[in-house]
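Hi,

Here is the structure I said I would pass on. Have a look at it first, and my notes follow underneath.

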Amino acid sequence: MADLDIAGAIAELRSTFFDIKSVLDAERLQADIDRLSEAAGAPDLWDDPEAAQKVTSELSHAQTDLRRIIETEQRIDDLEVLVEMANEERDEATQNEAKKELKGLQRIISELEVRTLLDGEFDALPAVVTIRAGAGGVDASDFAEMLLRMYLRYAEQHSMPVSVYETSYAEEAGIKSASFEINAPYAFGNMSVEAGTHRLVRMSPFGAAGKRQTSFAAVEVVPLFEQVDEVEVPETDIRVDVFRSSGPGGQSVNTTDSAVRITHIPTGIVVSMQNEKSQIQNRAAAMRVLQSRLMLVQREEEAARKKELAGNIAASWGDQMRSYVLAPYQMVKDLRTLHEQNNPSAVFDGELDGFIAAGIRWRKRQQQETDD
């Protein structure tokens with residue numbers, strides 16, 4: 001039996017991992033863990049539940065990042081030993097085990113490498129995601145609800161806390177819109193590549209006489225800023241409406257009119273909040289999201305002005321950034337990155353890692369081309 005020769009692949013893995021480890025900075029992560037652990041041990045930590053949850057969440061993610069670095073480095077060392085053992089013993093089963101471990105390490109290091117690309121100004125922040133049904137009638141509202149479930153499942157699989165702010169149900173099926181917060185480090189960096197117009201092609205289950213139906217839904221992603229005091233919103237610029245939350249089919253959820261909708265008159269931005277029990281809490285949460293969106297608008301306008309002055313306007317992401325085709329064949333394809341998956345059911349069940357990784361790499365290339 002011939003020796004298993006994957007020394008070159010292992011050397012390449014180790015080189016890439018060394019670069020990743022330098023960027024992620026294991027020493028800084030350990031310092032963050034020590035600081036957060038001390039804060040988490042404070043006797044008055046839970047006097048402020050929101051601050052306590054932020055501390056414990058950051059601690060958990062820092063510990064996970066450091067553990068992945070340590071475990072990955074150990075697995076590379078172990079793989080070299082496994083290859084040596086397989087070749088000494090001329091054992092086919094051990095060689096196959098080494099090949100399998102190599103593929104697993106290549107996947108893990110690819111995921112870690114993507115993390116190093118999240119170096120944008122807002123990438124480390126939590127995210128607020130809004131989904132809106134577009135053209136396509138009942139199919140579009142049903143599609144919007146499918147996307148909502150997809151993102152909630154993705155967040156669940158990655159242990160990212162989610163708070164659903166508001167859901168507006170459609171009359172027949174699905175939702176008109178929904179907004180939710182993903183309160184985890186780098187949530188915006190990951191989710192921002194999901195922003196854009198999504199298209200669904202399928203045989204409509206809503207009486208379309210067996211014809212294929214195309215429907216659309218829009219996904220908006222904004223960072224949630226911790227401090228937004230610098231964005232002043234005069235009371236004269238907003239309209240506040242109070243309403244009763246509703247569930248599917250118009251069923252009442254709250255017994256009081258606690259849900260709040262804030263409209264920013266100059267921009268037309270609308271933020272609704274209904275997940276808190278009191279009107280005061282919903283208004284405060286809605287104002288925070290509104291200020292975050294206004295801050296992002298200001299930053300985007302400033303960036304657009306700079307690009308215009310420089311005479312270099314980058315291409316926009318455009319419409320229909322991803323297609324979900326269920327008939328006549330099965331495929332989900334990102335039209336920017338060309339990444340595709342032939343199992344739409346898995347994608348709708350939250351398996352988005354491939355699409356998000358490809359989107360982050362694509363965005364980084366676009367930024368580098370623009371800078372050049």
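Let me start with strand S4 (residues 196–203), which pairs with S5 in the antiparallel sense through eight bridges. Within that pairing, leucine 200 sits opposite serine 215 of S5. Keep in mind throughout that this is a predicted model.

S5 (residues 212–223) is also joined to strand S1 (residues 127–133), by seven bridges, and these two run antiparallel as well. If you want a spot to click on there, arginine 132 has alanine 218 in S5 as its bridge partner.

Further along there is an open sheet of three strands, ordered S6-S7-S8, with antiparallel pairing. Strand S6 (238–243) and strand S8 (269–273) are the edge strands; each has a single partner strand, so one side of each has no neighbour in the sheet. From one strand to the next, the twist averages 15°. S7 (residues 259–264) and S8 are linked by five bridges, and valine 260 is found opposite methionine 273 in S8.

Now the helix I looked at. H4 (residues 92–116) is 25 residues long and spans 36 Å from its first C-alpha to its last, close to the 36 Å expected at 1.5 Å a residue. Which of its residues are buried? The list is Thr94, Gln95, Ala98, Leu102, Gly104, Leu105, Ile108, Ile109, Leu112, Val114 and Thr116. As for what covers the buried residues of H4, that includes helix H1 (7–24), helix H3 (49–89) and helix H9 (353–371).

Cheers

Key. Residues are numbered from 1 along each chain as its sequence is written. This is a predicted model: local features need pLDDT of at least 70, side-chain atom pairs count only at pLDDT 80 or more; totals for chains, interfaces and linings use all residues. Side-chain values use heavy atoms; hydrogens and water are left out. Helices (H or I, at least four residues) and strands (E, at least two) are DSSP runs, numbered from the N terminus. The expected span of a helix is 1.5 Å times one less than its number of residues. Buried means under 20% relative accessible area, exposed over 50%, partly exposed in between (1.4 Å probe, protein chains only). Contact means heavy atoms within 4.5 Å. Two strands pair if DSSP finds at least two bridges between them. Axes are lines fitted to C-alpha atoms, for helices over the stretch in contact, and angles run from 0 to 180 degrees between N-to-C directions.
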